[in-house]
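Open your viewer and get ready to pick out a few helices. Could you walk me through this model, one selection at a time?

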Amino acid sequence: MNKRYLDSSFSILQWFIFLLANAVALPVIIGGIFHLSIDEISGLMQRTFFIVGISSFIQGWLGHKYPIADGPAGSWVSVFVILGDIAIQQGQSTKEVLQLLEGGFIIAGLLLLILGATGLVHKVLFLFTPLVTGTFLLILALQLSGVFLKGMIGLQGEAVNPDYTVGAISFFVFLLVIILSVKGKGWIKSYAVLIGISLGWLIYALLGKGSHAFPQSSSIVKLPELFAWGAPKFNAGIIMTAVLFTFLLVSNSIAAISATRQVAPKSEKDEKRELNRGVLTGGITHFLTSAFSTVGLVPLPVSAGFIQLTGQRKIRMFLVASLLLSGMALIPSVVNFLSLLPGPVASAALFSTFVQMIGIAFQSILREELNQRRLTILGITLLISIGIMFLPESAFEGLPSVLQYVCSNGLLVGTIIVIFLEQLWKEPRTN
């Protein structure tokens with residue numbers, strides 16, 4: 001009985017750390033881009049923790065019902081970065097940009113709600129072949145790898161020079177998690193991520209790298225602020241962007257559920273209903289994202305890599321961890337303590353799960369024979385989408401703002417290309 005209780009406690013703790021690690025870095029990054037104050041970053045962090053927990057719980061309980069962590073969408077983060085840069089270059093108010101993003105979340109949430117409630121999402125399912133899903137996962141992993149690698153060497157916020165000591169700690173954590181997950185036995189293998197983060201955080205603190213000036217709060221409990229960036233605003237550019245990104249969010253949900261189904265299989269008789277509920281719930285969480293002024297949330301495909309890495313497949317432990325994160329977000333002193341989790345250590349632990357995600361991407365691609373047609377489609381898509389990631393931001397300055405959001409996002413461009421080529425270039429019929 002004690003061993004069972006201990007195993008459950010560690011499982012909940014590991015899911016909690018995973019949810020936290022996916023949420024902790026991006027508020028700091030967004031705060032740096034939009035020049036938010038320490039108080040504003042702390043508030044954003046609290047709201048992000050709260051919504052990540054609530055959204056993950058609702059999805060696991062009423063939505064797709066898989067242990068898939070919801071977290072800030074890398075695609076939405078890229079829009080934050082681009083809009084922030086444009087606003088600063090043109091002397092616009094960054095606060096107004098944040099209000100436009102709140103409006104974009106509402107538009108995307110409304111479209112997701114309609115697609116999920118009406119079942120129309122199944123009308124577009126034929127577009128998401130194994131090649132499309134696998135390519136999406138592969139590009140997503142490659143695009144976010146740059147974000148996490150920068151985090152691992154200390155290039156977060158306004159930092160312009162790498163910290164090699166921090167980089168050494170991060171790569172130690174990365175390699176430790178990989179080694180424990182491959183060579184470890186029993187509970188060591190199951191809790192590789194937790195062990196890696198704990199040791200990394202300890203080394204970080206011992207070397208004096210963990211000093212953060214987060215504000216102290218006199219209140220014991222503090223509710224998250226509603227519309228902290230102000231009332232949502234709308235314009236033609238953000239509406240067009242939200243419509244296009246809804247398409248990307250659907251493909252993200254399909255990829256996350258498909259990847260998780262490979263490592264945590266369930267009965268497939270309710271597969272359509274699971275997707276409908278997942279997309280519908282995604283619409284609800286986008287409304288919550290707007291109301292609580294955070295980055296747009298999506299089911300994270302990297303959760304499949306975490307499950308495969310740790311063997312944590314039980315939905316009950318995941319649901320408890322999600323509620324625990326939301327509850328902790330209401331206690332300012334706990335939020336301030338959790339904020340001390342070093343971004344580089346969190347980035348390193350998450351980076352290790354992307355190894356598994358790339359493997360899942362190739363498994364999806366290889367579900368069908370890689371003939372000349374599919375190899376050509378894959379090659380064209382990867383060359384263009386990854387090439388976009390290496391272009392300087394100035395390459396798109398001459399385009400209208402709505403096209404800047406789209407054309408500078410390698411993941412969105414790559415997803416459109418692979419779907420377009422899959423449908424346009426059909427397999428020759430055999431007699």
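Here is a short tour with five helices as stops on the way.

**Before you start.** This is a predicted model, in which local features need pLDDT of at least 70 and side-chain atom pairs count only at pLDDT 80 or more, while totals for chains, interfaces and linings use all residues. Residues are numbered from 1 along each chain as its sequence is written, and side-chain values use heavy atoms, with hydrogens and water left out.

**Colour by confidence.** The pLDDT is the predictor's confidence in each residue, from 0 to 100. Its mean over the chain is 82, and 87% of the residues reach 70 or more. Now select helix H3, residues 74-89: of the chain's elements, H3 has the lowest mean pLDDT, 66, whereas helix H15, residues 372-390, has the highest, 93. Helices here are DSSP runs (H or I, at least four residues), numbered from the N terminus.

**Select residues 94-118.** This is helix H4, with 25 residues. From first C-alpha to last, H4 reaches 37 Å, close to the 36 Å expected at 1.5 Å a residue (the expected span is 1.5 Å times one less than the number of residues). Step on to glycine 119, which follows H4 and has a positive phi, near 80 degrees.

**Select H9 and H10.** Two packed helices are described by the angle between their axes and the distance between the axes. Helix H9 (residues 236-263) and helix H10 (residues 271-291) pack at about 130 degrees, with axes 10 Å apart. Axes are lines fitted to C-alpha atoms, for helices over the stretch in contact, and angles run from 0 to 180 degrees between N-to-C directions. H9 and H10 are therefore oblique to each other (under 35 degrees counts as roughly parallel, over 145 as roughly antiparallel, 65 to 115 as roughly perpendicular, and the rest as oblique). Show the side chains: Leu249, Ile254, Ile257 and Arg261 of H9 meet Glu271, Glu274, Leu275 and His286 of H10, where contact means heavy atoms within 4.5 Å. Just after H10, serine 293 takes a positive phi of about 50 degrees.

**Finish at H15 and H17.** At what angle do H15 and H17 pack? Add helix H17, residues 410-424, and you will find about 160 degrees, with the axes 8 Å apart. That makes H15 roughly antiparallel to H17. Residues making this contact include Ile377, Ile380 and Ile384 of H15, and Val413, Ile417 and Leu421 of H17.

Conventions. Helices (H or I, at least four residues) and strands (E, at least two) are DSSP runs, numbered from the N terminus.
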